[in-house]
Amino acid sequence: MSKKNNRYAVIRYITDVPIVGLSYLLASSISLKTNIWDNSWQTYLLVFVSIAVWYISTSFSHLYKDRRSNKYSEEIIFIIYSLAIYMIVLSSAFFFLNNLIDIDHTTQFFLLFLSILFVSITLTKYILRKYLHSAIFHGKLLDNILIVGYTPAAQDFYETINRYYYYGYKCIGFLDNKTTKMNGCPYKGPIQNLESVIKELHVDEVVIALPTHQNKAIQECIEVCDQYSTQTRILPDFEQYTSSNLQVNNIGLLSVINIRELPLDKEVNRLGKRAFDIAFSILFFILIASWLFPILVLIIKLSSKGPVFFKQERWGLNNEKITCYKFRTMVAESQDIDSDGNYQQASKDDPRITTIGAFLRRTNLDELPQFWNVLIGNMSVVGPRPHPTPLNLASMHTIDNYMLRHVVKPGISGWAQVNGYRGETKLPGTMQKRVNFDLYYIHRWTFWFDCQIILQTLINMIRGDQNAY
C-alpha cells in the first residue's frame, strides 16, 4: 500500500476513537437518565477502557483490513462480527473492573450501546468508503501498477482494475519479451527493462504475472523490486486449479500449495447450514410471507389470467431433479421452448412478461415461494441458482466445470447473482463467469459469507438490479 493509502488507513483507525467514546457516553446518559457530559472520573476511565477494548477486539476480527475492492455488505458483516467479539471482551473487562470501580451497567445499557455503536460505525465506514472512491476517481489515491509478463492472468488482472476504478489501481504499463500489445496497456519493453522503468517512472507496485516455470526470471524481478523498495505481488498462473480453493503453507522454507476439501464436505458445516436454513425460512413465513403473500397473490390473480404460482423442473444437489416454485411472472400461455426446440431465457422487454411480473422480477419477489423449497430441504437460502433442465443440458458440455456447481444445494440467492451475473446468459462468457462465481462460493463457504450474500441481496432488492428482467 502506498503512503497515500496509508494515510487513508490511519483515518479509518482514528475516526473510531470519538465514535466509541461518544456512543458509550450517550448510552450511559440515556440508560441512567443523566447529562451526557456530567460524569465522574470513573465514567471517563470506562470510556478509555471501552476504546482500548475496541481496538483489541478489532485486531482479532480484522475490521480494518483494506476492503476497498470488496462489496460494502462484507464490511457490514465484519462490523457485526467485530461487535460480537467486542461485547464479549468488554463485558469480561467490566466484570473484573467491578472489583475496583462501581460499574452500574444493565442489560439495557449494553443493548443501547451496541445499537448506537453499530449505527455510528456502519454510517462512518460508508462515508469513508465514498470519500475513498471519490478520491480514487479524481486520481488522488491511485497506486501505479506495473505488470511483468503477458499471461491470461495478467490480462484478467488488467481488465479487472480498469473496470473497477474504486480498487484504486492504475496500470502504467507492462513488460514482456514477446508480446507488445495488451488491450491498450502501454508497452514498456522486455522484462530486462524493469529496473530502468522503476527508476524512470513512479511505480507503487509491481505485479509479476510470469508463468510459474520461469522461476529464475521471477526471482530476478523480485530482487530488482527489493533493491528499490517497491512492493511486489506475484500473480500465479494457476488456471488448472481455478475450480479449487488454494491455500499456501510453509514446510520449513518451502511453500506448499494445498488444494483443500470443500467446507460443506464437513458434516458439522452441513448441519449448521441446514439449521440456519430452517430457522430463516420459518421466520420468513411468520414475519413476512404471512402478510406479503396474500397481497401478491391477489395482485397476480387480478392482473392476468392463469395460476398464481409457477412450477418448473430444475436440477439440485447431485443433479437430482427438483420442482422449483415461483410467483408467475409471464402470461399463462407462454412457452419455454421455441419453434426450433431451443430454451427461451427471459430477455429484456420480453413480451411474455406481465406488467406485475416485471416488477416482481426486478425486486426478486418472484423468488420468495422458494423458501418452501428451502424448508423441505431441496434448496438453501444461499447457493448457486438452480437452472432449468434445458439450460443445464445446453451448458454441461460447453461450460468448464459446469456440473461442479451441483455438489451443493442450490440457493434462492447466490454469489454470482449479487455480483450481477443473473438473468439472460446469451453473451459469450457470461455463463462461464456465473459458474466461476458459483465455484468461488462453493470452495470458500462460511456462515459469514452466507450472511454477506443475504445482506447484499437485500441491498440489490432495494436499489434494483439492471440484469433483473
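The paragraphs below lead through a predicted model, beginning with its nonpolar cores and passing by way of one helix and one cavity to a single lysine.

The largest nonpolar core holds 37 residues, and within this core Phe327, Leu360, Leu368, Tyr441 and Ile453 are the residues that touch the most other members. Several elements contribute at least two residues each, namely helix 9 (267-303), strand 8 (321-327), helix 10 (355-362), helix 11 (370-376), strand 9 (380-382), helix 13 (415-418), helix 14 (430-443) and helix 15 (447-463). Among these, helix 9 provides the largest share of the core, with six residues. The surroundings of Leu360 can be followed residue by residue: once neighbours within four places in sequence are set aside, Leu360 is in contact with Leu296, Ile300, Phe327, Arg328, Thr329, Leu365 and Asp366. Separate from this assembly is a second core, made up of 25 residues, with Val49, Leu63, Tyr86 and Leu117 among them.

Helix 15, one of the contributors to the largest core, repays a look along its length. Its 17 residues reach 25 Å from the first C-alpha to the last, which is close to the 24 Å expected at 1.5 Å a residue. The buried residues of this helix are Phe449, Asp450, Cys451, Gln452, Ile453, Ile454, Gln456, Thr457 and Asn460. What covers these buried residues includes helix 4 (72-97), helix 9, strand 9, strand 10 (411-413), helix 13 and helix 14.

Attention can now turn from packed side chains to empty space. A search of the whole structure finds one cavity of 30 Å³ or more, and the largest cavity contains about 60 Å³ of space. Its lining consists of Tyr8, Arg12, Asp66, Arg67, Arg68, Glu75, Arg129 and Leu132, to which helix 1 (3-14) and helix 5 (107-137) each supply at least two residues. By residue class, the lining of this cavity divides into six charged residues and two nonpolar ones, with no polar residue.

The last stop is Lys170, which is found in strand 2 (residues 169-175). With neighbours within four places in sequence left aside, Lys170 is in contact with Leu142, Asp143, Asn144 and Ile145. Of these partners, Asp143 lies 27 residues from Lys170 in sequence, while the C-alpha atoms of the two are 6.0 Å apart in space. Is Lys170 buried, exposed or partly exposed? Because its relative accessible area is 43%, and the intermediate class runs between 20% and 50%, Lys170 counts as partly exposed.

Note on methods:
Residues numbered from 1 in each chain as written. Predicted model: local features only at pLDDT ≥ 70, side-chain atom pairs only at ≥ 80, totals over all residues. Heavy atoms only, no water. Core = buried A, V, L, I, M, F, W, Y, C linked by side-chain atoms within 4.5 Å. Buried < 20%, exposed > 50% of the residue type's maximum accessible area, 1.4 Å probe, protein only. Helix = DSSP H or I, 4+ residues; strand = E, 2+ residues; numbered from the N terminus. Contact = heavy atoms within 4.5 Å. 1 Å grid on protein atoms, 1.4 Å probe; cavity = no way out; pocket = protein on both sides within 12 Å on 5 of 7 lines; lining within 4 Å. Points joined across faces, edges and corners; volume = space filled by probe spheres on them. Nonpolar A, V, L, I, M, F, W, Y, C, P; charged D, E, K, R; others polar. Expected span 1.5 Å × (residues − 1).
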